[in-house]
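Visitor: I have just opened this one and don't know my way around. Can you take me through it?
Guide: Yes. Here it is.

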Amino acid sequence: MPDPYETLGVARDASAEDIRRAYRKLAKTSHPDLNPGDAAAEAKFKQISAAHHLLSDPDKRARFDRGEIDAEGNEAPPRPRYRDYAQADAGQRYGTGGASTGGNWNASDFESIFGTMFNDPGGRPRQGPIRGADAQFTLAVGFLDAVNGTTTRITLPDGGTLDVRIPPATDDGTILRLRGKGGPGHAGGPAGDALIAVHVTPHRFFRRDGQDIRLDLPVTIAEAVLGGPVEVPTPGGPVRMRIPPGSDSGAVLRLRGRGVPGRGNTPAGDLYATLSIAIGKPDPALEAFLRDWKPATAFNPRAGMEAEP
């Protein structure tokens with residue numbers, strides 16, 4: 001597994017936000033949904049997801065930086081204790097403790113040295129329970145399902161199924177952990193976990209901005225001029241909102257608490273609707289009215305846009 005910092009293209013002192021931003025940028029270009037049938041893109045996405053999972057966990061990141069675990073999160077083997085050999089009497093260095101080898105190495109010599117590298121300090125093979133490997137998956141989730149929360153079922157490579165709960169307010173790039181749903185353990189060790197990278201698909205008019213939701217809201221000329229209540233879609237269902245009289249295109253109205261649901265200490269976000277005046281089909285009566293209409297106050301919507309000399 002490549003170095004996770006190199007995989008995400010971030011420095012070793014990168015902040016948690018830098019790591020999250022780098023992951024989301026890379027995931028959007030290599031996600032399997034965007035590259036159907038591309039095995040290389042799928043493999044790249046798995047590397048990106050694994051790197052993000054390790055570096056987004058402060059404890060695992062610290063252990064990796066100290067060399068205690070490798071890029072896959074597995075325990076790193078003890079480092080060789082060659083100093084004991086180097087400090088032995090001349091003629092016995094790097095030998096097995098008896099007479100000098102005289103440069104003729106045998107199998108027991110290698111076993112003596114490399115046993116300290118890949119086993120415990122006594123050269124004995126590692127024994128005892130071994131935790132199973134983590135299994136990595138990607139899951140495409142609809143925008144509203146990610147905002148409101150849902151439960152979906154995924155099919156595993158072996159044909160089995162797994163029910164995955166998507167918590168409300170799940171963001172794109174979130175890694176969900178299902179404990180004990182990964183590879184089986186060995187010698188009585190616990191099973192690994194299932195790590196699921198969530199990819200939130202775009203919505204046709206909702207846009208997420210942190211905890212807030214934004215959308216462009218078309219309104220008629222009459223609604224913009226006269227004002228009044230209109231129905232506004234929100235992730236939780238339609239809500240009636242009052243438009244002030246004389247509203248222009250580009251005016252932004254807010255519905256408090258109608259954005260992304262709150263989570264923990266984070267409050268619910270708001271919904272921001274940007275008004276956009278829609279003319280609709282030609283209306284002869286409206287056209288006749290506008291031809292004869294003389295506004296009481298002259299108004300130039302392009303004032304101040306003259307080209308500089």
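**A walk through the chain**

Guide: Let's start at G259, which is buried, with a relative accessible area of 9%. Keep in mind that this is a predicted model.

Visitor: Where is G259 found?
Guide: G259 sits in the loop between β10 (252–255) and β11 (271–277).

Visitor: And what does G259 touch, not counting residues up to four places away in sequence?
Guide: G259 touches Q211, I213, G269, D270 and L271. As for G236, 23 residues away along the chain, its C-alpha atom is separated from that of G259 by 8.5 Å.

Visitor: Step back a bit. How many helices and strands does the chain have?
Guide: There are 9 helices and 11 strands.

Visitor: What share of the residues is buried?
Guide: Of the 309 residues in the chain, 30% are buried. Taking contacts with a separation of 6 or more, 52% are between residues 24 or more positions apart.

Visitor: What about the outside, how much area does the chain expose?
Guide: About 19500 Å², and carbon and sulfur atoms supply 53% of that.

Visitor: Pick a helix for me.
Guide: Take α3, residues 39–55. With 17 residues at 1.5 Å a residue, α3 should span 24 Å, and its end C-alpha atoms are 24 Å apart, so the two agree.

Visitor: What happens at the start of α3?
Guide: A side-chain oxygen of D38 comes to within 3.1 Å of the backbone nitrogen of A40 there.

Visitor: Which residues of α3 are buried?
Guide: A41, F45, I48, S49, A50, A51, H52, H53, L54 and L55.

Visitor: What covers them?
Guide: The cover for the buried residues of α3 includes the helices α1 (4–8), α2 (16–30) and α4 (58–65). It also includes the strands β1 (135–141), β4 (175–178) and β5 (194–200).

Visitor: A histidine in that list caught my eye. Why does H52 count as buried?
Guide: Its relative accessible area is 7%, and buried means under 20%.

Visitor: So what is H52 in contact with?
Guide: Leaving aside neighbours within four places in sequence, H52 contacts L8, I19, R20, Y23, G173 and I175.

Visitor: Different topic. How many salt bridges are there?
Guide: The count comes to 20. In general, side chains of opposite charge can pair when their charged atoms come close.

Visitor: Show me one within a helix.
Guide: R21 and D18 form a salt bridge, 3.2 Å from N to O. Both lie in helix α2, 3 residues apart, which is about one turn of the helix.

Visitor: Are R21 and D18 part of something wider, and which residues are linked there?
Guide: A network of salt bridges links E17, D18, R20, R21, R24, D171 and D172. R20 is also one of the contacts of H52.

Visitor: And one between strands?
Guide: The side chains of R153 and D163 meet in a salt bridge at 2.7 Å, N to O. R153 lies in strand β2 (residues 150–155) and D163 in strand β3 (residues 161–166), so the pair ties together parts that are 10 residues apart in sequence. R153 counts as exposed at 55% relative accessibility, while D163 is partly exposed at 44%.

Visitor: What about a pair in a loop?
Guide: D193 and R179 form a salt bridge, with their closest N and O atoms 3.6 Å apart. Both lie in the loop between β4 and β5, so the pair ties together parts that are 14 residues apart in sequence.

Visitor: Is D193 buried or exposed?
Guide: D193 is buried, with a relative accessible area of 4%. R179, at 64%, counts as exposed.

Visitor: Last stop: which residues make the nonpolar surface patch?
Guide: I221, V225, L226, I277, I279, L286, F289, L290 and W293 make up a patch of about 850 Å².

Visitor: Which helices supply at least two residues of the patch?
Guide: α8 (221–226) and α9 (284–292) each do.

Visitor: And L226, is that buried or exposed?
Guide: L226, in helix α8, counts as exposed at 63% relative accessibility.

Note on methods:
Residues are numbered from 1 along each chain as its sequence is written. This is a predicted model: local features need pLDDT of at least 70, side-chain atom pairs count only at pLDDT 80 or more; totals for chains, interfaces and linings use all residues. Side-chain values use heavy atoms; hydrogens and water are left out. Helices (H or I, at least four residues) and strands (E, at least two) are DSSP runs, numbered from the N terminus. The expected span of a helix is 1.5 Å times one less than its number of residues. Buried means under 20% relative accessible area, exposed over 50%, partly exposed in between (1.4 Å probe, protein chains only). Contact means heavy atoms within 4.5 Å. A polar contact is a pair of N or O atoms within 3.5 Å; within protein, one must be able to donate a hydrogen and the other to accept it, and residues adjacent in sequence count only if both atoms are side-chain atoms. Patches are made of residues with over 30% relative accessible area and no salt bridge: like charges are joined within 9 Å, nonpolar side chains (Val, Leu, Ile, Met, Phe, Trp, Tyr) within 5 Å. Accessible areas come from the Shrake-Rupley method with a 1.4 Å probe; for residues, only the protein chains shown count as cover. A salt bridge is a side-chain nitrogen of Lys or Arg within 4 Å of a carboxyl oxygen of Asp or Glu.
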